[in-house]
Amino acid sequence: MTTTPENIETVAAESDDRAVAVATRKQVRKEQRRLLFRSPSFIIGTIIIGFWVLSGLWPELLDRFDPKASVPGVSPRTPPGDGTWWGTDRLGRDVYSRVVHGARPILIAAPAATVIAAFFGTLLGLFTGYFRGWVDEIISRILEAILSIPAILLAIVIVFTFGATTPVIIGTIGFLFIPAIARTVRAATLAEAQLDYVTAAQMRGERSLFIIGREIFPNIVGVVIVEVTVRLGYAIFTLATLAFLGLSGGNATDPNWGLDVAQNYQQVVAEVWWPTVFPALAIGTLVIGVNLMADSIDEALKS
Amino acid sequence: MTASPTATDTAALSIRDLEMAYMVRGTPRAVLRGVSFDVRAGEAYGLVGESGCGKSTTAYTALRYLPSNGLIQGGTISVGGREVTAMSSKELREFRANHASMVYQDPVQAVNPVLKIGRQVAESFEVIGHSKGEAKELAHKALQRVHIADPEGVLERYPHQLSGGMLQRVVIAMALASDPLLLVLDEPTTGLDATVEAEVLDLVRELRDEIGAAILLIAHNLGVIRTMCDRVGIMYAGRIVEEGTVEDVFDNPSHPYTVGLLNSIPRHGARKTDRELFSIPGNLPQIGDPLPTCVYVARCPLATDKCSAEVPPIVARSDGHWTRCHHPDRIDEVPLPDEVSTAHNVGTEEVIGVHGVSKTFHQRSGDVPALVGVDLGFAEGETLGLVGESGSGKSTLAKTMLGVHEPDEGGAITLRGRPMATKSIDRETESIRAIQMVFQNPDSALNRSWTVRRILTRAVSKLTGKSGDDAEAQAVQIAHAMQLSDRHLDMRPRQLSGGLKQRVAIARAFAGDPDVVVADEPTSALDVSVQAAILNLLAELQRDVRTSYLFITHDIGVVRYLADRIAVMYVGRVMEVGPTDVMFEGPIHPYTEALLSAVPSVDGEAENRIPLKGEIPSPKNPPPGCVFHTRCHRVIEGTCDKIEPPMVEVSLGHSIKCHIPPDELLEMQKVPWVDHSVPEL
């Protein structure tokens, strides 16, 4: 931990005869924030995510051409250069502008799916971890069964069955990520339920719902936050994969990273690499950015 | 700083002016502020003090066994004439392998759970250069040396298959593998039962003469130090404030801190009806606090202007006994704890009764009867002390009374004669209010994301039915009664010290003005001085509001101080129950006799220990006849192993579950017990 000398003075000054000079909660938060803001992985992660969030919110600010129309006066498959920074694709559309516009769908779908998974996963994890017993046995086995099948296979089957619309894709990924979150939350709840404050709550006749929601939940929020950030990375990855396989939930001409990779990768052998590599890099950087942020938040919370 | 009176050349361990600091958030913070002492070969030296005073740090520094943020800032450490502070990392490794050993507090964490005991013990011989074959042979011998029954069998077992006491023996065997010059024991018996503790201490005492190593024993239990050590150093805030032989220091303390420590434990059979325990005011200074003069000045009852202006000199009291104090002659002026003036009334009506309660846990591997036919009752304002080894069912009884476990059909828990619902969730508010609990570990017992205010307000509103501002006002009032100040109310548990946390836990239990409070070892995690404050608080609350306590503990001194009656449990059964003063006169159950004899005394009373053979039996397969016959030193062959003894009333309110008639038992217990059996090998 790095802190300035002034900070130590305040810690020492606050100690009196009875209170132990363990840093106050505010202080701990402050130190954690300081640690976070100084961590290189958090800074890099924030810059990457910042760029993509900006692209998602106001693509018009960043784009250079209409992403759906071919750039006038520029031939298709023009390599990266002054006019079109990242080149043009086989239909003559600007790759850079398509990548910028492609951020929005994925930045809506991935967090939405993660929120669904986090909500139900946390709920399931809390209840199974607290009550245990045969309900827990059954639910845990079902969750493990889902986890044992590759997520992408299940996703393809479900999306195929219900149609490749954005709500279906979000719902599918949300559903598929429930088990992993539920399992982590269940483990944390199990450990928490062993502690005596839970017994004390039972002894004063608290209802189970109160114990789970008000006593245990605040103590496992950190676990949930970390798990959610990790899942967010996976959700982006899964969404891009589904789009690559043609299950994008939009029109075939809409800018979409996974779709663009799928439509252009065959040309890589003809040395037209740019329409494939730039959207692929976009997927990669977004996932890495999320993971960098997740790791540094985790580290700061643990410190 | 001057050298201590012992000559350096004869010492196996010699520490001089040791200064050590931890880097915390970028600043070095002093922990040891000039520690000097010597331990001769074959001598046992004890270090005592409150937690945070630097005693463990001294031990670890002696082996240069420090975390990455630990810095030795000055002074010398010499072991067998070699300077530890000057060693290269290779020399240090060689030194630790061959010349120094350490035994840690928790044996479970000191061994590798996935390796067999044999492998681990042999490894400690391989490290010092023995071949694999020799090491195996030596491992076997090493286990024999620490008196482990069936060494062949133990070598083939994994750590989880051994009890804590056995594991600590294994750890000691490993520590002795290299025939070390220096053996450091860091709270070696703190996590163990009193009976097991006594056995481990016996072993160390026996080995002491054999090995000739310098032993440095760290303990916060003054009784352990008194019975184990030749000399003792009293540590405070990173400095030794008094040193001498254990007899000199404990019988004739010359530093106000030593006096404070000794007055804070119940001694010489003191009772709550006589006087309070002494609680040293204030807290230990934080690490890194500047302490330019006397380290103890802020808490010292004798402090004068001189104390805060000048560093106290070392004052010799007798040969080898010195104190670091300006006023050793005024030591008698240290005030004694307050005498208790108000009478302590125990009512006659039974408030809460436990009638024939049994509890069987149904597990996949079979039924486990954890409680068998327990009968106990509490009068108003009475304290019932519940003692027994771990695994005897004390906590199960507590949790069954509170409705966490549901007792088997047939028994009843009554509140003023009326049976209560068996599960807490089904109990009426009145029944829940009537009985509450204080847990052993306040860290676990308090919700760490709640503020003190919220913890108490919730308890008040749940137990009394008050709500909103009323509940909060009462919570504040209760907090004040527990000597918590307003600024503590908005803190969360991690910001409070151990003693303050336990006060919050007690406040929560008292939120609804309960009739009975179950306290499960509420002071075992606390320092003696803090323990004194908590025990005083409990006794005071009892005088004021006439609450009854079920006080679960393994500390006989504490039980004797606080309890009006004592119940002794063994394998889920009550073996003896009776008034405290009567129990200490006898006759008593042989199990109680063994328990009492296992307690190391601070007063240097003659020891007459009755060894308890083997482990407490599992409640799953209780021995036939009297459950205690397998370990009883007064067993009657043919009777005790076949017939379960009845509960015999010896005198009014004093019952013993034993086949031996009480008068015979009394005669037997007048003569000191001599162990005629062949020692276990």
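Two strands pair if DSSP finds at least two bridges between them. In this predicted model, strands β21(B) and β22(B) meet that description and form a hairpin with two residues between them. Val571(B), in the turn, has a positive phi of about 45°.

**Strand β22 and its partners**

Strand β22 of chain B covers residues 573–579, and because six of its seven residues are buried, the strand is largely enclosed by the rest of the structure. On the hairpin side, β22(B) pairs with strand β21 (residues 565–570) of chain B in the antiparallel sense over six bridges. Within that pairing, Tyr570(B) has Arg573(B) as its bridge partner. β22(B) also pairs with strand β24 (residues 654–657) of chain B, again in the antiparallel sense, over two bridges. Here Glu576(B) stands opposite Ile656(B) of β24(B).

**A four-stranded sheet in chain B**

An open sheet in chain B has four strands in the order β2-β1-β4-β5, with antiparallel pairing. β2 (27–40) and β5 (82–83) stand at the edges, each with a single partner strand, so one side of each is left without a neighbour in the sheet. β5(B) is joined by two bridges to strand β4 (residues 70–79) of chain B, and Ser78(B) has Glu83(B) in β5(B) as its bridge partner.

The antiparallel pairings described so far with a bridge count are tabulated here.

| Strand pair (chain B) | Bridges |
|---|---|
| β21(B) and β22(B) | six bridges |
| β22(B) and β24(B) | two bridges |
| β4(B) and β5(B) | two bridges |

**Domains and a covered helix**

Chain B is divided into domain 1 (8–39 + 56–93 + 233–332), domain 2 (107–177) and domain 3 (348–444 + 515–531 + 539–672). Taken over C-alpha atoms, the centres of domain 2 of chain B and domain 3 of chain B are separated by 35 Å. Helix α22 (residues 590–597) of chain B is mostly covered, with eight of its eight residues buried. Among them are Pro590(B), Tyr591(B), Glu593(B) and Ser597(B).

**Chain A**

Chain A contains 13 helices and zero strands. Its C-alpha trace spans about 80 × 55 × 30 Å along the principal axes. Of the 303 residues in chain A, 42% are buried. Among contacts in chain A with a separation of 6 or more, 70% come from residues 24 or more positions apart.

Is Ile142(A) buried or exposed? This residue lies in helix α7 (residues 133–148) of chain A. A residue is exposed if 12 or fewer other C-beta atoms lie within 10 Å of its own; Ile142(A) has 12 C-beta neighbours inside 10 Å and therefore counts as exposed. Ile142(A) and Ala112(A) are 30 residues apart in sequence, and their C-alpha atoms are 24 Å apart in space.

**Nonpolar cores**

In soluble globular proteins, nonpolar side chains tend to be buried together. The largest nonpolar core here has 271 residues, of which Leu239(A), Leu182(B), Leu216(B) and Leu217(B) touch the most other members. Helix α11 (residues 208–244) of chain A supplies the largest share of this core, 17 residues. Leaving aside neighbours within four places in sequence, Leu216(B) is in contact with residues including Leu13(B), Val39(B), Tyr45(B), Leu182(B) and Val184(B). A second, separate core of five residues includes Val650(B), Ile656(B), Cys658(B) and Ile660(B). Ile656(B) is thus named twice in this report: in that second core, and opposite Glu576(B) in the pairing of β22(B) with β24(B).

Conventions. Residues numbered from 1 in each chain as written. Chains lettered and ligands numbered in written order. Domains from an automatic or database assignment. Buried ≥ 20, exposed ≤ 12 C-beta atoms within 10 Å, placed from the backbone. Contact = placed C-beta atoms within 7 Å. Core = buried A, V, L, I, M, F, W, Y, C linked by C-beta atoms within 7 Å.
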